Amino acid sequence: MAAASTDSPSLEWLTLDDDEELLWSSRPHRSSLVPALVVGIPLSFVLVGIPILVGAYLTYQNTHYVVTDAGLYKKTGILSRDVQKIGFDKVQNTSYSQSAIGGYFGYGNVDISTAGGSGVEMRFRSVPDPADVQQRINKRVKSKEPASDDKSEVLEEVLDELRAIRAELEAR
């Protein structure tokens with residue numbers, strides 16, 4: 001997977017491990033601001049829409065999503081910064097959804113559920129091409145899963161050692 005970015009958000013907040021590689025980063029799709037504009041511009045004449053427009057823009061500017069070869073990162077926050085990370089070893093399920101507007105403009109949500117979690121633990125909201133983002137995540141999750149052959153080989157080695165210890169004890 002080559003590094004890809006549909007938008008070039010600033011990533012000064014992101015602290016990666018030395019061997020961690022950035023695979024994808026983005027912020028919400030620009031078209032996700034359309035509903036706020038449709039509601040906010042007419043309401044601006046009575047000054048109610050201005051906070052709607054400012055809030056939508058600041059949320060867009062201060063939300064970043066990152067996929068690395070080690071995990072998923074989500075940064076949110078307007079006045080403060082909240083960074084959430086989920087390692088691929090914890091990801092249990094992913095799904096994506098698109099509204100009618102999101103389907104038309106090419107954005108949607110990607111939901112990530114973790115093992116032991118209750119429901120969706122992380123949501124990438126209004127990301128460009130959510131099916132591609134979900135596919136990237138699923139590929140990384142599958143590449144992090146241990147092969148079942150490895151487990152059976154380890155179990156076989158442990159069993160052989162236990163048999164050797166038993167034989168040694170019985171010989172005494």
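Residues 24 or more positions apart supply 47% of the protein's contacts, counting contacts with a separation of 6 or more. That figure describes a predicted model. Keep the long-range share in mind while walking through the chain.

Start with the inventory. The protein holds five helices and eight strands. From the N terminus, the order is β-β-α-α-β-β-β-β-α-β-β-α-α. Two strands therefore open the chain, and two helices close it.

Now take the overall dimensions. The radius of gyration is 23 Å. A compact globule of 172 residues would come in near 16 Å. The box tells a matching story. Along the principal axes, the C-alpha atoms fill roughly 95 × 30 × 30 Å.

Next comes the surface. Of the 172 residues, 34% count as buried. The exposed area of the protein is about 10800 Å². Carbon and sulfur atoms account for 53% of that area. As for charge, there are 18 positive and 24 negative charges. Their mean positions lie 8 Å apart.

Move inside to strand S2, residues 22–26. How many of its five residues are buried? Four are, and the strand is mostly covered. S2 has a partner in strand S3, residues 64–68. The two run antiparallel, joined by four bridges. Within this pair, Leu22 stands opposite Thr68 of S3.

Further along the chain, look at the loop between strand S7 (107–114) and strand S8 (120–128). Gly119 sits in this loop. So does Gly116. Are these glycines buried or exposed? Gly116 counts as exposed because its relative accessibility is 86%, and the cut-off for exposed is over 50%. Gly119 has a relative accessible area of 43%, so it falls between the 20% and 50% limits and is partly exposed.

Both glycines can also be placed against residues earlier in the sequence. Gly116 and Lys90 are 26 residues apart along the chain, with 8.6 Å between their C-alpha atoms. Gly119 and Asn93 are likewise 26 residues apart in sequence, and their C-alpha atoms are 9.6 Å apart in space. What does Gly119 touch, leaving aside residues up to four places away in sequence? Its contacts are Ser113 and Thr114. Thr114 and Ser113 both fall within the 107–114 range of S7, so Gly119 in the loop touches the end of the strand that precedes it.

Notes
Residues are numbered from 1 along each chain as its sequence is written. This is a predicted model: local features need pLDDT of at least 70, side-chain atom pairs count only at pLDDT 80 or more; totals for chains, interfaces and linings use all residues. Side-chain values use heavy atoms; hydrogens and water are left out. The radius of gyration is taken over C-alpha atoms; the globule rule is 2.2 Å times the number of residues to the power 0.38. Buried means under 20% relative accessible area, exposed over 50%, partly exposed in between (1.4 Å probe, protein chains only). Contact means heavy atoms within 4.5 Å. Accessible areas come from the Shrake-Rupley method with a 1.4 Å probe; for residues, only the protein chains shown count as cover. Lys and Arg count as positive and Asp and Glu as negative; His and the chain ends are not counted. The place of a charge is taken as NZ of Lys, CZ of Arg, CG of Asp or CD of Glu. Two strands pair if DSSP finds at least two bridges between them.
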